[in-house]
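Please explain how this protein is put together, beginning with its overall fold, going on to its pockets, and ending with a few individual residues. Please keep the account close to what can be computed from the coordinates.

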Amino acid sequence: MDPEIGTNLVERFNGPFSLRLFLQPTMALLFAIRDGRKDAAQDAMPYLSALMGEKDERRQTLASAWASLSKVLVMAFVLDCAFQYATGGSIRIVEAVLMAGFLCAIPYTLMRGPAARFAKRKSQN
């Protein structure tokens with residue numbers, strides 16, 4: 001891998017399009033909360049447990065996550081490509097994919113389970 005990837009990722013926090021660094025994780029978190037509430041209503045297995053569980057559960061969970069995140073991930077990828085072109089005149093696909101995952105997939109994965117537990121507790125009270 002290119003040793004400049006780390007430097008290039010850090011530069012994104014100070015350059016143009018920096019508002020996306022707030023908006024994209026926020027959108028991913030909102031989708032995670034929505035899906036967590038659905039999980040609680042359906043009394044589904046916790047998100048990370050379902051990902052680590054049986055093959056059928058994992059497939060269904062990943063399909064649900066992809067349905068929610070696909071638009072946000074594509075938007076993150078396109079915006080990162082635009083940022084790269086605007087600042088350097090070229091596009092590095094691997095960096096754009098890493099940034100999209102960092103901005104969207106990680107916050108979604110970390111928030112969906114706690115959102116389901118919170119919604120389940122709230123509905124029991």
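What follows goes from the whole chain to its pockets and then to single residues.

The coordinates belong to a predicted model, and every value below was computed from it. The secondary structure comes to five helices and zero strands, so that, read from the N terminus on, the elements run α-α-α-α-α. Of the 125 residues in the protein, buried ones make up 33%. The area that the protein exposes is about 7900 Å², and carbon and sulfur atoms supply 65% of this area. If one takes the contacts between residues at least 6 apart in sequence, 75% of them join residues at least 24 apart.

Some pairs of residues illustrate how parts of the chain that are separated in sequence are placed in space. Phe102, which is found in helix H5, is 78 residues away from Gln24 in sequence, and the C-alpha atoms of Phe102 and Gln24 are 9.9 Å apart. Val74, whose place is in helix H4, is 23 residues from Val97 in sequence, with 9.3 Å between the two C-alpha atoms. Both of the residues that open these pairs are partly exposed, since Phe102 has a relative accessible area of 45% and Val74 has one of 47%, and the partly exposed class covers what lies between under 20% for buried and over 50% for exposed.

The pockets come next. Rolling a probe the size of a water molecule over the atoms shows where empty space is left. The largest pocket has a volume of about 270 Å³, and its lining consists of 17 residues, of which Asp39, Gln42, Gln60, Ser64 and Arg112 lie nearest the centre of the pocket. The elements that give two or more residues to this lining are helix H2 (20–41), helix H3 (47–52) and helix H4 (55–88). Helix H4 gives the most, with six residues. Divided by class, the lining of the largest pocket has six nonpolar, five polar and six charged residues.

The second largest pocket has a volume of about 200 Å³. Its lining is made up of Ile33, Arg37, Ala40, Ala41, Met111, Pro114, Ala115, Phe118, Ala119, Lys122 and Ser123, and the elements that give two or more residues to it are H2 and helix H5 (93–124). Here H5 gives the most, with seven residues. By class, the residues that line the second largest pocket divide into eight nonpolar, one polar and two charged. Helix H2 is thus named for the lining of the largest pocket and for that of the second largest pocket.

Two loops deserve a separate look. Ala44 lies in the loop between H2 and H3, and what does Ala44 touch, not counting residues up to four places away in sequence? The residues in question are Asp39 and Lys120, and Asp39 has already appeared among the residues that lie nearest the centre of the largest pocket. Ala44 is also 72 residues apart from Ala116 in sequence, while the C-alpha atoms of Ala44 and Ala116 are 8.8 Å apart in space. With a relative accessible area of 31%, Ala44 is partly exposed.

The loop between H4 and H5 holds Ser90, which counts as partly exposed at 32% relative accessibility. The side chain of Ser90 makes a polar contact of 3.2 Å with the side chain of Arg92. Leaving aside the neighbours within four places in sequence, Ser90 is in contact with Gln84 and Tyr85.

That contact leads back to Gln84, which is found in helix H4. Is Gln84 buried or exposed? Gln84 is buried, because its relative accessible area is 0% and the class of buried residues takes in values under 20%. The side chain of Gln84 is joined to that of Asp80 by a polar contact of 2.8 Å. Gln84 in helix H4 is therefore a buried residue that is in contact with Ser90, a partly exposed residue of the loop between H4 and H5.

How values were computed
Residues are numbered from 1 along each chain as its sequence is written. This is a predicted model: local features need pLDDT of at least 70, side-chain atom pairs count only at pLDDT 80 or more; totals for chains, interfaces and linings use all residues. Side-chain values use heavy atoms; hydrogens and water are left out. On a 1 Å grid over the protein atoms alone, a cavity is a set of points where a 1.4 Å probe fits but cannot get out, and a pocket is an open set with protein on both sides within 12 Å along at least five of seven lines; lining residues have an atom within 4 Å of a point. Grid points are joined across faces, edges and corners, and a volume is the space filled by probe spheres set on the points. Helices (H or I, at least four residues) and strands (E, at least two) are DSSP runs, numbered from the N terminus. Ala, Val, Leu, Ile, Met, Phe, Trp, Tyr, Cys and Pro count as nonpolar, Asp, Glu, Lys and Arg as charged, and the others, Gly among them, as polar. Buried means under 20% relative accessible area, exposed over 50%, partly exposed in between (1.4 Å probe, protein chains only). A polar contact is a pair of N or O atoms within 3.5 Å; within protein, one must be able to donate a hydrogen and the other to accept it, and residues adjacent in sequence count only if both atoms are side-chain atoms. Contact means heavy atoms within 4.5 Å. Accessible areas come from the Shrake-Rupley method with a 1.4 Å probe; for residues, only the protein chains shown count as cover.
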